[in-house]
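I opened the model today and kept notes as I went. The entries follow in the order I looked things up.

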Amino acid sequence: MNKNKKKFNIKKTISLTVMFFMLLPVFSGCAESPSKKYLVDLEVWGSFDDNSDFSEIFATFKGANPFVRNITYKKIPVDSYENELMDALASGNGPDIFLVNNAWMPRYEDKVIPAPFNVINEKQYRDTFVDVAATDFIGKNSEIYGVPLSVDSLGLYYNKDLFNAAGITTPPSTWPELLDSSRRITKINDVSEIERSGVAMGTIPNINRSTDIIDLLMLQNGAQLPDKNNTSFRPDFNIGKNMLEFYTQFARSSSPAYGWNKNLHYSIDAFYEGDLGMMLNYSWHINTIKNKNAKLNFALAPIPQISSAKPINYANYWSFVVNKNKQIKQVDEDRPISNEIRAHEAWQFLRFLTMPNNGKFTAINHKTKSVKDYPVNIDPAAYYVERTKKPAARRDLVEKQKTDPILGPFAYGNLIAKTWYKKNSNLIETVWASVVEDINKGNITPDQGFSQAVYRINQINGSN
C-alpha cells in the first residue's frame, strides 16, 4: 500500500470515529447534553388516601420518568386540610400537587397552573373523563386545571329491614315514590315524637351534605344555574320556591310528609343506628356505615328522579391540581430547574396518574421537547379505584363499575352528574342553611326564603 493511500485511510478512520461518537447520543436515545437534563422532586398533598395507595404508582413513575428523582405523599386530616394548605401556599412552601374539592375551584384558580397543551389537551380530557369533570376543571380558554381519579355523586342508602317490615319491595326511583316509602316507614308516637324516620330531609345542620340535596332538586327541576361564563344566580322563581317547599315539608309537623326535625341524631348516626329508612349521600360513607354497624342490613340504589328521560345527579369530588408558584429546592445545583420545569413534571405525573397509558409512559423533556416512551406495567387509575373501591372518574372504568352491586349506583350517577358555579361554596352553604332554618321556624315563607337566597348568592358570586 503506498504512503498516500495509507494516510488517506488513517484520515478516513479518524473522521468516521469522530462522526460515530457525535451521533452516538442520538441513536442511544440520550440526545440531550448534560445541560439539557434535569431532576425534579415532587410532593403531593391529600386527605383521604394513605401512602400505601400510591406507593406502587410512585415507584413505577420514578422508574419510567428520567426527569423525576423522587415523589412523596403527605396525608392531612380533612378538618385541617384547607387551612394548612392555604398557609403553605401563602408561604411559598406548599406542595407541588394537591387535591381541591370541585366546588373550591373558583377560589383556587389563581393559585394553580393549568396543564401544558402538549401534556393534556381538551379533547383528550373530554374523551377520558365524565362530563362533570370537564365542567368544573376546564377553563374558559380550554385550559385544564385539574384531573380527578374518582368522582362521586349522590346515591340512595336504604335500610332493607325497615323496607321489608313496611312491605316495600323495591327502593324508590322517583320522588313521589320516596314520599310514599318515607310515610310508610316513619313512626311517630302519641306525644308527637319521631321514633323512626323515613328519610333524612328537611333540615340542614343534622343532615350530611344537606345543601347538595337542595342543589340536586334545583337541577332536576330544570333550574338554570350559574357557570363560568354567567355567574348570575337567577333560576326560575317558581322552581326555587317549590324546591324549598318540597325540601322543608319533611320537617314541618303539619305536613303529611313529616318525619324529620332538628332534634334527631345526625343523619349518618341515625342510619347506622337503624332508626332511619333512607339517606341521600355519597359513596365515601359506605365504609363509615359498615365500620359503625357491620350487621346493618342496608343497600344502595340510584338517586330518585323527576324525569327518567332526563336523569340528573349532583357531584361532590376532589381533583389534583398543580401549585402555581413554589420555592424550589434544587436537586442538582449544576442543573437548576425553573418553576416552569417543576410544573411541567407535576403535570406529567398527573397525566400518568389519571389517564390511560396503553402500557407506556411518554416522557417529554421540557428543555428540548424531545419525546421518549418507557414501558410501564400498571394503569394507575385502574389500580387506584380497585384498591380504594371508589367510583371512577374515567369513562372506561365507569363502564366496568356500572354493574358493581355497591358502586354501580354511583358509577351511573357520575355519568349524569352536574354542578354549578359558586365563587365561594362555603358561604353559599350558609345561605341555604339560614333560609331553611327560618322557613322551619315559621319566620319566612318558602317564596320569601328563595328571594333572600337569590339576593345573597348573587352578592357572593359578584352578580348583583
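Which residue in E7 is the bridge partner of serine 197? I looked it up, and the partner is leucine 276. I note here that the model is predicted.

**Entry: the sheet**

I then looked at the strands that carry this bridge. Strand E6 covers residues 194–199 and strand E7 covers residues 276–281. They pair in the parallel sense, over two bridges. I traced the sheet outwards from there. It is an open sheet of five strands, and I read the order as E5-E6-E7-E4-E8. The pairing is mixed.

Which strands stand at the edges? I found strand E5 (187–188) and strand E8 (298–302) there. Each has a single partner strand, so one side of each is left without a neighbour in the sheet.

I also checked what packs on this sheet. Helix H16, residues 408–415, does so. H16 touches strand E4 (155–159), E7 and E8. The direction of H16 makes about 20° with that of E8.

**Entry: the hairpin**

Next I went to E11 and E12. Strand E11 spans residues 360–364, and strand E12 spans residues 371–375. I noted antiparallel pairing over five bridges. One residue I followed across was phenylalanine 361, whose bridge partner in E12 is tyrosine 374. The two strands form a hairpin with six residues between them. In the turn I picked out lysine 369, which has a positive phi of about 65°.

**Entry: two packed helices**

I turned to helix H9 (residues 210–220) and helix H10 (residues 237–248). How far apart are their axes, and at what angle do the helices pack? I have 10 Å between the axes and an angle of about 135°. That makes H9 oblique to H10. The crossing is right-handed.

I listed the residues that meet. H9 brings Ser210, Ile213, Ile214, Leu217 and Met218. H10 brings Ile239, Met243, Phe246 and Tyr247. I sorted the residues of this contact by type: eight are nonpolar, one is polar and none is charged.

**Entry: asparagine 424**

Last, I looked at a single loop residue. Asparagine 424 lies in the loop between strand E13 (417–418) and helix H17 (425–441). What does the side chain of asparagine 424 reach at 3.1 Å? I found the backbone nitrogen of leucine 427. I then set aside the neighbours of asparagine 424 within four places in sequence. That left Arg107 and Ile460 in contact with asparagine 424.

Terms used. Residues are numbered from 1 along each chain as its sequence is written. This is a predicted model: local features need pLDDT of at least 70, side-chain atom pairs count only at pLDDT 80 or more; totals for chains, interfaces and linings use all residues. Side-chain values use heavy atoms; hydrogens and water are left out. Helices (H or I, at least four residues) and strands (E, at least two) are DSSP runs, numbered from the N terminus. A polar contact is a pair of N or O atoms within 3.5 Å; within protein, one must be able to donate a hydrogen and the other to accept it, and residues adjacent in sequence count only if both atoms are side-chain atoms. Contact means heavy atoms within 4.5 Å. Two strands pair if DSSP finds at least two bridges between them. Axes are lines fitted to C-alpha atoms, for helices over the stretch in contact, and angles run from 0 to 180 degrees between N-to-C directions. Angles under 35 degrees count as roughly parallel, over 145 as roughly antiparallel, 65 to 115 as roughly perpendicular and the rest as oblique. A crossing is left-handed if the near helix is turned anticlockwise from the far one by less than a right angle, and right-handed if clockwise. Ala, Val, Leu, Ile, Met, Phe, Trp, Tyr, Cys and Pro count as nonpolar, Asp, Glu, Lys and Arg as charged, and the others, Gly among them, as polar.
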